[in-house]
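I opened a notebook page for this structure. The entries below follow the order in which I looked things up.

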Amino acid sequence: MKSTKVKQFLRDQIAKESKILFGINSIELINQVTENWFNDQENYDGRWSIIQEKIPHIGKILDMAAGCGTFVLYGLHKGYNVWGVEPEAWKLNYFSQK
């Protein structure tokens with residue numbers, strides 16, 4: 001199944017960066033971050049709740065350093081005009097696979 005491969009790609013990248021950048025090897029933490037970033041149907045960090053509460057009418061939304069695109073995809077699913085910019089190649093690769 002394609003989504004399983006894409007999710008594994010994401011988990012591998014998170015594990016690699018967690019170890020290199022932060023010295024983190026926690027499988028539980030890596031799995032939780034993977035689940036959060038993979039699921040674009042949920043508002044896991046609450047940013048969309050704040051936007052919907054504070055701003056009744058929104059034009060275009062730009063997500064700088066969009067990461068794996070979870071925020072962007074959630075917004076698109078909800079009908080918002082969302083754009084994301086992300087400079088990291090592996091995250092762009094992941095996003096295009098998804």
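Is Trp48 buried or exposed? I noted first that the model is a predicted one. I then looked up Trp48 and found a relative accessible area of 1%. Buried means under 20%, so I entered Trp48 as buried.

Next I turned to the aromatic rings. I found four aromatic pairs in the structure. One of them is formed by Trp48 and Tyr74, with ring centres 6.1 Å apart and planes at 40°. An angle between 30 and 60 degrees counts as tilted, so I wrote this pair down as tilted. I also checked where the two residues sit: Trp48 is in helix H3 (residues 47–54), and Tyr74 is in helix H4 (residues 70–77). They are 26 residues apart, and I noted that the pair links distant parts of the chain.

I looked up the accessibility of Tyr74 as well. Its relative accessibility is 10%, so Tyr74 counts as buried. I then followed the ring pairs further and found that they join Trp48, Phe71, Tyr74 and Tyr80 into a cluster.

Another ring I checked was that of Phe38. The charged end of Lys98 sits over this ring, 4.6 Å from the ring centre.

My last entry concerns Leu29. I located Leu29 in helix H2, which spans residues 27–38. Which class does Leu29 fall into at 41% relative accessibility? I recorded Leu29 as partly exposed, because 41% lies between the 20% and 50% limits. I also looked up the separation of Leu29 and Gln97, which are 68 residues apart along the chain. Their C-alpha atoms are separated by 23 Å.

Key. Residues numbered from 1 in each chain as written. Predicted model: local features only at pLDDT ≥ 70, side-chain atom pairs only at ≥ 80, totals over all residues. Heavy atoms only, no water. Helix = DSSP H or I, 4+ residues; strand = E, 2+ residues; numbered from the N terminus. Buried < 20%, exposed > 50% of the residue type's maximum accessible area, 1.4 Å probe, protein only. Phe/Tyr/Trp six-rings, centres within 6.5 Å; stacked < 30°, edge-to-face > 60°. Lys NZ or Arg CZ within 6 Å of the ring centre and 35° of its normal.
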